[in-house]
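Please open the model in a viewer and display it as a cartoon. The tour begins with the whole chain and then turns to one sheet.

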Amino acid sequence: MRQKYLFAPVAAGLTFVWTTVAAERPDLNTYGMPGVVELPSAVPLPDGNLSYSSAIALSNSRNTVSFQIFPRVTGAFRYTIFRDFVDRDNPLDSLFKGQVFDRGFDVQFALADQERVGVDLAVGLRDFLGTGRYSSEYIVATRSVGDAISLSFGIGWGRLSGRNSFDNPLGFISESFETRGQRDSGLGGEFEAAQWFRGDASFFAGVDWQLTEKASLQLEYSPDLYEPDLNLSEIDNVTPINVAVQYRFENDATLRGYVVGGEDVGVQFSFFVDPNRRVIPGGAEAGPAPIARGNPTAAASWADPESVKETLASRLKEDGLRFDSLDVNGQQATIYVENARWDVEAQAAGRAARAMAQTLPSSVQTFTVVFQEAGLPLSSVTTQRADLQTFQNDYDGAWRTLSRAQIEGTPTRGAAPGRLSYGISPYIATSYFDPQSPIRADIGAQADVSYHAAPGLTFAGRFRQPIAGNLSDSIRNSDSILPRVRSEAFLYAREADFEINRLTTEYLWRPDEDSFARVSAGYLENMFGGISAEVLFRPIESRFAWGVEVNYARQRDFDMLFGFQDYDVVTGHASAYMDMGNNYLARVDAGRYLAGDWGATFALDREFNNGVRVGGFFTLTDVPFDDFGEGSFDKGLTISFPLSYFTGQPSQLAVSETFRPILRDGGARLHVDNRLYELTRDYSGPELSDGWGRYLR
């Protein structure tokens, strides 16, 4: 479901936790993962759930996004702001004195569940891919006792082995488990797996008491001495007991107050998103018009083909479909359309077929809808008029039509009249995790203009005028020893006013029925111009695709107008895509990046049937971690929500962001519009079939 974006932008423990299942979702601890107060629990989030947690205390603020990646795998990204000083006489003033920033990743694997073996069992890593300030590992088991009380008991490593520690019980496997080496966390971002589950261990325990249907009390014993945190503040850790009181709202959002170590007081707010469900179930779009048997009006007007085309174009326009062409051959009619509204492409195919049935005479019995993008034919859907009439009100009609429909490739040449498109809209450009200001943004006005001159040939431009924001306020200079292809992004915001964001000529075509090709030239993105060529091999019914892209790129002047700098580079990648089914999409891109480094990017996305998409990626190249700089290698998370998820109205607009812990020069790739896999994927056979439940809606 391709979207047009609105804006671009462990201490460990073996814990036996007897927890109540009073709510559909487990509570989140202050680290934003399933747990008690600060300790983990073994109950995962419901599959596919996304959560956000913000825990603000005197010593730090933790902001965490967690995601149930698989039914048994929970992952989280956390951004922490530490207070560099806490004034005992005026502690609230300390909330605004964050000076030390930390990024980290957590992961937890569920090994067993209570229904099958009597306890929920999980193993997890906290801060396994960051600076290691919270680095720890744990194994946790959970079991509910009665309707209201949960007990926990565990053993942990790393930061969860500070109090009453003892020799590592894993030492019987190998002596290497008995010693936890010193972590080299200067640059952050390295796995350092040689430390996992090593060194001394400690027990910890906790209790969760459901006081009422909405209120609960959490109490735990934590072996964490909080030494890295205490070094930055005057707060003392006077007790191993942590306590929290929590209230759960009707929508499962939670608000809690907590005390850690006897002095560190905080408040935490958490909320959950279930991407499997729309805010408005079923959607709120207007229903389709019924299809009558016979069409005397259309038959009478058939003597005037241009009138028929105008009527058909008008009906398609009402349904958010752009009419390009109509071909009629005896009992079969074919229309070429572009989908401008529907985020479920099968629903667009159904609306187009209905428009044909309502417009064309009854002598035309076979309807073929060819989807296009800028005159590039993507795929076709063929349906019989009789099937539309018979199954339009059938409870299982959509799937019955699927068994009779044909989803096929298309002619290698499309049909597109000359068309000028333009629009003005607001935009927001964002930057995250600058230590001087964790969130920066500019807002302004954006003008987009494009002219489709011939099938596949498009001239397009995007122009921006910033109005307000602080992207240009950054004074953090790049220390990169690589060509500075991304690390000086702040200079573009600082030196540009009116900007030519993009200005390109693009040609799309199909070399054969299983292949797509693209050539783009001009100012390809805000930092680079040049020429980009790509070929994609994707059979219509295959869940696999392969592609090759080659680019010549030259760095643009910081004012983002017409000039170029001296740096240029040839880049390119060979790519493999795999639709794994069950909403999972894997991708590997191997080749040369903008800084001249060679390597590969690995990505895994989970896209739900309603268009919500959550994914992660990382890039490893021949640049040593020390030369890459802070973060050691490129990695990040992507989150995208279609506008229809919130409004219930069909739309191809989406709110989308990519979050990188740090933006450096290694592993940087050229940004090019209309890369072929994303352009064509939603119209492949598997994707159209997956959304067929909405074909007759």
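**The whole chain**

With the entire chain selected, 12 helices and 33 strands can be found; helices (H or I, at least four residues) and strands (E, at least two) are DSSP runs, numbered from the N terminus. The radius of gyration is 28 Å, close to the 26 Å that the globule rule gives for 697 residues, so the chain is as compact as a globular protein of that length. That radius is taken over C-alpha atoms, and the rule is 2.2 Å times the number of residues to the power 0.38. This is a predicted model, in which local features need pLDDT of at least 70, side-chain atom pairs count only at pLDDT 80 or more, and totals for chains, interfaces and linings use all residues. Residues are numbered from 1 along each chain as its sequence is written, and side-chain values use heavy atoms, with hydrogens and water left out.

Along the principal axes, the C-alpha atoms fill a box of roughly 90 × 65 × 50 Å. Colour next by burial: 54% of the 697 residues are buried (under 20% relative accessible area, 1.4 Å probe, protein chains only).

**One sheet**

Now select β16 to β20, five strands that form an open sheet in the order β16-β17-β18-β19-β20, with mixed pairing. Two strands pair if DSSP finds at least two bridges between them. At the edges, β16 (321-329) and β20 (406-408) each pair on one side only.

Finally, zoom to residues 332-339, strand β17, which runs antiparallel to β16 and is joined to it by 8 bridges. Which residue in β17 is the bridge partner of Asp327? Thr334 is that partner.

Technical notes
Buried < 20%, exposed > 50% of the residue type's maximum accessible area, 1.4 Å probe, protein only.
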